Amino acid sequence: MLLIFTDLDGTLLNSDDYGYHGAITAIADLQQQQIPIIPVTSKTRAEVEVLSTEIGLTDSFIVENGSAIFIPKHQDYLFSEELKISGKYYFRQRGCVYAQVRDGLRDLSAAIGEELTGFGDLTIAEIMQLTGLSTQEAQRAKNREFTEPFITPKNVDADRLAHHLKALGFNVVVGDRFSHLIGDQAGKGGAVQWLVNRYQQVNRGESITTIGLGNSPNDLAMLEVVDIPIIIPGIKGVHPGLANQGWQVAPFPGSVGWGVAVAEEVKGLIY
């Protein structure tokens, strides 16, 4: 059995226009072969639902930097007693809830002596201006359940942020523009491993191979736990935070690179 785990922005979706057309043929081939395509993203459930419907993805997905795994009810064979129900999904929460991370952001501001601005402090218009998202897209991005993106402070290094948040009982994913405050049990790697284990439990005796695709250090934990990690480069090449890993690099950025790399890898595994 083969599972595809993929980041979205800058990976399956282009960095510049968020398009995915370069991957359409590969996605259709994977679906014809009943190979699950599982988004693993910092996006919210609301954002992933819209994208999944638009692209035609029907499998489980992992949101808000590994804070929760959502399994559509038609995949009831993956059900276990530890899962809860939310609407049309079974779900496994690994992080904390939104109110907790909002409190954590205020505590972090006090600890470093600098006012930090999270999505909860921003209007829809301000999020649109900062991200280039449309009104509806910004609303879905703001509809957070488990984590809080905040504007990365320029005069506080990543290690200091991580140190303070660890003391407060949280983790952080530091980015160039936005960082994400997440629960201490959250993370892309752990969420991917949990879902792989669930597939393993219901497919006893069948070997499982995992492919992971990502483009930034935010994807490092995911890429470290899959069998076949693939880096999607940016226009200027591989992100410095993923350099020198010895991993496969797709031949093109964005969705085109995703489509080519996945098609070649799947062909090699299956044939």
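**Close-up 1. Helix α3 lies across three strands, β7, β8 and β9.** In this predicted model, α3 spans residues 98–112 and runs at about 30 degrees to β7. The three strands beneath this legend's title make up an open sheet, ordered β7-β9-β8, with antiparallel pairing. The edges of the sheet are β7 (148–151) and β8 (170–173), each of which pairs on one side only. On average, neighbouring strands of this sheet are turned by 30 degrees against each other, direction ignored. A second helix to look for here is α6 (residues 158–168), which lies across β8 and β9 and runs at about 155 degrees to β8.

**Close-up 2. Strands β8 and β9 run antiparallel and are joined by four bridges.** Strand β9 covers residues 178–183. A handy pair for finding your way around is V173 with its bridge partner in β9, H180. As a reminder, strands of a sheet pair through backbone hydrogen bonds, either parallel or antiparallel.

**Close-up 3. R102 in helix α3 forms a salt bridge with D121.** The closest N and O atoms of R102 and D121 are 2.8 Å apart. R102 sits in helix α3, while D121 belongs to the loop between α3 and α4 (124–131), so the pair ties together parts that are 19 residues apart in sequence. Are the two partners buried or partly exposed? R102 has a relative accessibility of 13% and therefore counts as buried, the cut-off being under 20%. D121, at 40% relative accessibility, counts as partly exposed. Which residues touch R102, leaving aside its neighbours within four places in sequence? They are G118, G120, D121 and E148. If you like to check distances yourself, try the C-alpha atoms of R102 and P149: they are separated by 9.8 Å, with these positions 47 residues apart along the chain.

**Close-up 4. E145 and R45 meet through their side chains in a salt bridge.** The N to O distance is 2.7 Å. E145 lies in the loop between α5 (135–142) and β7, and R45 lies in helix α2 (residues 45–55), so this pair ties together parts that are 100 residues apart in sequence. E145 is partly exposed, its relative accessible area being 24%. R45, by contrast, counts as buried at 15% relative accessibility.

**Close-up 5. Helices α2 and α5 cross at roughly 130 degrees.** Their axes come within 6 Å. The crossing angle makes α2 oblique to α5. Which residues meet where the two helices touch? From α2 they are A46, E47 and V50, and from α5 they are E137, R140 and A141. Both numbers are worth having, since two packed helices are described by the angle between their axes and the distance between the axes.

**Close-up 6. D7, K188 and D219 are linked in a network of salt bridges.** Within this network, K188 forms a salt bridge with D7, and the closest N and O atoms are 3.4 Å apart. The K188 and D7 pair links distant parts of the chain, 181 residues apart: K188 is in helix α7 (residues 188–202), and D7 is in the loop between β1 (2–6) and α1 (24–32). Both K188 and D7 are buried. For the wider picture, the structure holds ten salt bridges.

**Close-up 7. Strand β1 is covered on both faces.** L2, I4 and T6 on one side and L3 and F5 on the other are all buried. Why is β1 described as largely enclosed by the rest of the structure? Five of its five residues are buried, so the description follows directly. The split into two sets of residues fits a familiar rule: in a regular strand the side chains alternate between the two faces of the sheet.

**Close-up 8. Strand β1 runs parallel to β10 and to β2.** Five bridges join β1 to β10 (residues 209–214), and in β10 the bridge partner of L2 is T209. Three bridges join β1 to β2 (residues 37–39), where T6 stands opposite P39. Together, β1, α1 and β2 make a right-handed β-α-β unit.

Notes. Residues numbered from 1 in each chain as written. Predicted model: local features only at pLDDT ≥ 70, side-chain atom pairs only at ≥ 80, totals over all residues. Heavy atoms only, no water. Pairing = 2+ DSSP bridges. Axes fitted to C-alpha atoms, helices over the stretch in contact; angles between N-to-C directions. Contact = heavy atoms within 4.5 Å. Salt bridge = Lys/Arg side-chain N within 4 Å of Asp/Glu carboxyl O. Buried < 20%, exposed > 50% of the residue type's maximum accessible area, 1.4 Å probe, protein only. Right-handed = clockwise from strand over helix to strand, strands pointing away. Parallel < 35°, antiparallel > 145°, perpendicular 65-115°, else oblique.
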